[in-house]
Amino acid sequence: MMSYRLLKIFTLSSACIFSLACTSISSPPTTIATPIEISAWETRLPAEQGTVKITFSLPQHARAEFQLFNGKPGHSNYALARVMLSDENCTSGHLGSINYKKSRSEYLIQYFEKEASWSRTNTITLSWNDNSQITTKLNGEVINIDMLSNATTLKIVSHLAPVEIQSLEYLPL
């Protein structure tokens, strides 16, 4: 069972790296790999600007994070920005928020008003540009932020249960 999961993760990572590396600015959307259940996965972003659209579901009581880093991912506290889905004090879904660095020592948090449904299809879109700005959409609700520096790596992490990625697309700007 464990080796099958590692094989799926390896295949997803290989497909993602190949697809993202071969995507040019005039290319249509590139679907990375679907479906897959993951607990931790990361990939380099192919350009200084672009969009990643992730369609996913997450069971009740699980938590997930979509993290952006400049360089190699480390501890989540070092992420430039983290979209977090948690189940604390929620009535019908996951509470969504984005945590981000305002300065080297100051972190800010903004919350999405609508909860992401439990065990149902949700969509998160992360759009970044070469001016260190990111637009995050969770099921259509938008939050814009300025990051401390440009993002180069996306990492997806889930806790207590895997997140099911139904589709992951890269859309060049």
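The pLDDT is the predictor's confidence in each residue, from 0 to 100. The structure is a predicted model, in which local features need pLDDT of at least 70 and side-chain atom pairs count only at pLDDT 80 or more, while totals for chains, interfaces and linings use all residues. Residues are numbered from 1 along each chain as its sequence is written, and side-chain values use heavy atoms, with hydrogens and water left out.

**Exercise 1. Confidence**

State what the mean pLDDT of the protein is, and find where pLDDT stays under 50.

*Solution.* Step 1: the mean pLDDT is 81, and 77% of the residues reach 70 or more. Step 2: pLDDT stays under 50 over residues 9-26. Step 3: where pLDDT is low, the predicted coordinates should not be read in detail.

**Exercise 2. Overall build**

Determine how many helices and strands the protein has, and what share of its residues is buried.

*Solution.* Step 1: helices (H or I, at least four residues) and strands (E, at least two) are DSSP runs, numbered from the N terminus. The protein has one helix and 14 strands. Step 2: a residue is buried under 20% relative accessible area, exposed over 50%, and partly exposed in between (1.4 Å probe, protein chains only). Of the 173 residues in the protein, 46% are buried.

**Exercise 3. A charged pair**

Identify the residues whose side chains meet in a salt bridge, and decide whether each is buried or exposed.

*Solution.* Step 1: a salt bridge requires a side-chain nitrogen of Lys or Arg within 4 Å of a carboxyl oxygen of Asp or Glu. By this rule there is one salt bridge. Step 2: Arg82 and Glu65 form this pair, at 3.6 Å from N to O. Arg82 belongs to strand E6 (residues 81-86) and Glu65 to strand E5 (residues 63-69), so that the pair, 17 residues apart, links distant parts of the chain. Step 3: Arg82 is buried, with a relative accessible area of 14%, and Glu65 is buried at 9%.

**Exercise 4. The nonpolar core**

Name the residues that touch the most other members of the largest nonpolar core, and the strand that gives the most to it.

*Solution.* Step 1: a nonpolar core is a set of buried Ala, Val, Leu, Ile, Met, Phe, Trp, Tyr and Cys residues joined through side-chain atoms within 4.5 Å. Step 2: the largest core has 36 residues, of which Ile54, Phe56, Phe66, Leu154, Ile156 and Ile165 touch the most other members. Strand E14 (residues 163-171) gives the most to this core, with four residues. Step 3: contact means heavy atoms within 4.5 Å. Beyond four places in sequence, the contacts of Phe66 include Ile54, Phe56 and Ile156, as well as Arg82.

**Exercise 5. A buried histidine**

Establish where His94 lies and whether His94 is buried or exposed.

*Solution.* Step 1: His94 lies in strand E7. Step 2: His94 counts as buried, because its relative accessibility is 1%. Step 3: His94 and Ala116 are 22 residues apart in sequence, and their C-alpha atoms are 4.9 Å apart in space. Not counting residues up to four places away in sequence, the residues that His94 touches include His61, Glu115 and Trp118.

**Exercise 6. Positive phi values**

For Asn139 and Leu160, give phi and the loop in which each lies.

*Solution.* Step 1: phi of Asn139 is near 50°, and Asn139 lies in the loop between strand E11 (133-138) and strand E12 (141-146). Asn139 is partly exposed, at 36% relative accessibility. Step 2: phi of Leu160 is near 75°, and Leu160 lies in the loop between strand E13 (153-159) and E14. Leu160 is exposed, at 76% relative accessibility.
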